[in-house]
Amino acid sequence: MTSSQRCTRAVKFLSHLSILFFVCLSAGLVQAGTLDTSFGSGGGAGTSVGFYDSTQKVFVLPDGKILVAGESAYVGFHAYFPGPFAARFNPDGTLDTTYGNNGGYNPLNNVQVSDIILQPDGKLVFAGGANPTYNTFPQDFAIVRFTASGQLDSSFGTNGVTVTAVGGSNDVGRALLLLPDGKLLVAGFTKGTQTSPGAIDFVRYNSDGTPDQTFGEGGVVYHLLGPQGSQPNVYDMVRLPDGKIFLSGSNGGDFLARFNPDGSPDTSFGTAGYLSTPYVNGQMTMQPDGKILIVFPSTLQSAGNTQVFSLARFKPDGSLDPNFGNGGIVQTPFRSNVTGYASAGAREAVVKSNGDIIVVGTAYNINGSDTSAVAAAQYTSNGTLVAKTAIAFPPYQSYGSAVALQPDGKIILAGSVSTGLYTDVALARLTAITNDARPYKRFYDFNGDLYTDLMVYRPGQGGTPSAWYNYNNQSIAPAFGQEGDIIAPADYNDDGVTDIAVFRPSNGTWYIASSNYDPLNNFTAVQWGTSGDVPVAGDYDGDGKADVAVWRPSNGYWYILNSADNSVKAAPFGVSGDKPVVGDYDGDGKCDIAIFRPSNGTWYIAKSTTGEYQIVQFGANGDIPAQNDYDGDHKTDLVVFRPSTGIWYTSTDPAINYGAVQFGTNGDIPVVGDYDADGKADIAVWRPANRVWYVRRSTNGALYSQQWGASTDIPVPGN
């Protein structure tokens, strides 16, 4: 790939990307914390440097400019003719054309890039492996330096490049450190052969790129690991305050290792300097207090065994920090905007001045198959989730890989966006990370498998506790609640699982389980409401968590305790005799205050987007409202079930259409849910007379029936 080819493609796609970012961000097609609209086009910026630009690092320079760096290849990451690239943006998100060749620089072929650092003098250093021929495994360590103006640094190595043979034909540098004296330390590995074991390698370079002859043998220290043919790996390394090197890697199993400054193992750590431990397969970030954050891949059972953002914090002695998250671990799922969960992977963490932690990565399948988004989450210093967001640039794939903080606290998220044929640099700037509006659905999934469960609540009598019976877990009947309680199941923690919960009118207290399998030993109690109140839990603030809320028929007031900030909302809406019909009728991810008035068959909705009232006559006295999202557009539809005829009347817009579906009979209880996990509500009833559930699947209209429960039970999806 010639320089002219790169320049031609850069000009062509810079124009294309400007339009792309403007359309995606300003048109509201993107979920996005709080985008800084003064940056780029609506908060986003981008450029093209090579054919396949894979961003790895982003730096905020002292003058406010933003430097992005990574690897560019002809086909894919580490594939044909890989080499380092860098691009620089002005503080307003426009491309800085004074850097490199019109804003970017990609001078080399056949050097894989694994790690990048920025020197105090503004020079960029890349570490990885040299590929003598395209699409082969690296055969030697390689280190490259760019000048502060974006050119190969001729004062470093040979025309900006140093290649070092370490111990075999398959060597690659994986992690890079700038030492206090200006020297550079690269850690990597050598792949074993049929006659020799693999090794963990260190190479130390002088500031001019020459191997440091005072370190090991000719600048190289290696440690053989495992038997012949073994395949060690290095994930990352950091330098501890005492000068020792803290390294993560694998050799048949993951480990942490600690080395002295001269490259020898620190035998006071673990066994001969090594400690077998999980949760280390990712980038490291050193906190100011010497503790180490590591992002790593993991799955979460409560999120349907989907991959989630995962973060661990270790002490310098290799032990997990028990004061962080759950025993040193934090796991955060990202919800799909369609149904279920997006598979999420964290890539890098950075620590704010107040101790909060920002993590960036990618949420895959966020808007259905073949879509992805830059994902970010913020945590307190003890690992408590503050907020999370996903930024998508449809219809292309977006990937998050790096994060940096500006002195004013704004957050730079960097990654790549795939245009199908090429992959280019993408940036977004946030003033803060705030939770995305979450599509609101009432689907009663108590085990995270995306299907509505056949669940009944059996009220306690004579002092015996109430019990919850789930057809999918017949061996478990958790006791939770007592006689007189009103069930209030909802997702109170945004994990995608409906939580068992009750409201106790006798003392105005909500009891919310944090474990559906052992709720009596895992619950919280919230005093909110009084006798006579009707529980109306829903996500009124758009943070993905159901808020504790009641409607008081005696005065027609709604009292809502917002989970996002514990603020209180009190709003008059409705009169005695009305039925609250919570839902998201305007599709903004927030529940709207709404009631159905049986006396005149009218719906009254206070839309959260504008605060305007919508009044719709749809239904008649005696109808049972059964609102939900029946067409998968993330808006609650107006639906009523008429017991006298067994007919359902459904409408997405009563002003222009409605449908009538015969399903059920007098005495049936509507139990609307998503029983086929297609993201759409299914018409369904539970018949107390024979204890049978009847479901009309939205996927194909087929009938499903199953007997479950007792005639005196309360069907949970029917609350």
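Two strands are taken to pair if DSSP finds at least two bridges between them. With that in hand, two regions of this predicted model can be walked through strand by strand.

The first region is an open sheet of three strands, in which the order is β33-β32-β54 and the pairing is antiparallel. The edges of this sheet are held by β33 (467-470) and β54 (714-715); each has a single partner strand, so one side of each is left without a neighbour in the sheet. Between β32, which spans residues 455-458, and β33, the antiparallel pairing runs over four bridges. Within this pairing, M455 finds its bridge partner in N470 of β33.

The second region centres on β17. This strand covers residues 254-259, and five of its six residues are buried, that is, under 20% relative accessible area; β17 is therefore largely enclosed by the rest of the structure. Strand β16 (residues 245-250) pairs with β17 in the antiparallel sense, with six bridges between them. Here I245 stands opposite F259 of β17. The two strands β16 and β17 make up a hairpin, with three residues between them. In the turn, G252 shows a positive phi of about 85 degrees.

A further partner of β17 is strand β18 (residues 274-276), and this pairing is again antiparallel, over three bridges. On the β18 side, S276 is the bridge partner of F255. As a general point for reading such pairings in the structure above, side chains in a regular strand alternate between the two faces of the sheet.

Methods:
Residues are numbered from 1 along each chain as its sequence is written. This is a predicted model: local features need pLDDT of at least 70, side-chain atom pairs count only at pLDDT 80 or more; totals for chains, interfaces and linings use all residues. Side-chain values use heavy atoms; hydrogens and water are left out. Buried means under 20% relative accessible area, exposed over 50%, partly exposed in between (1.4 Å probe, protein chains only).
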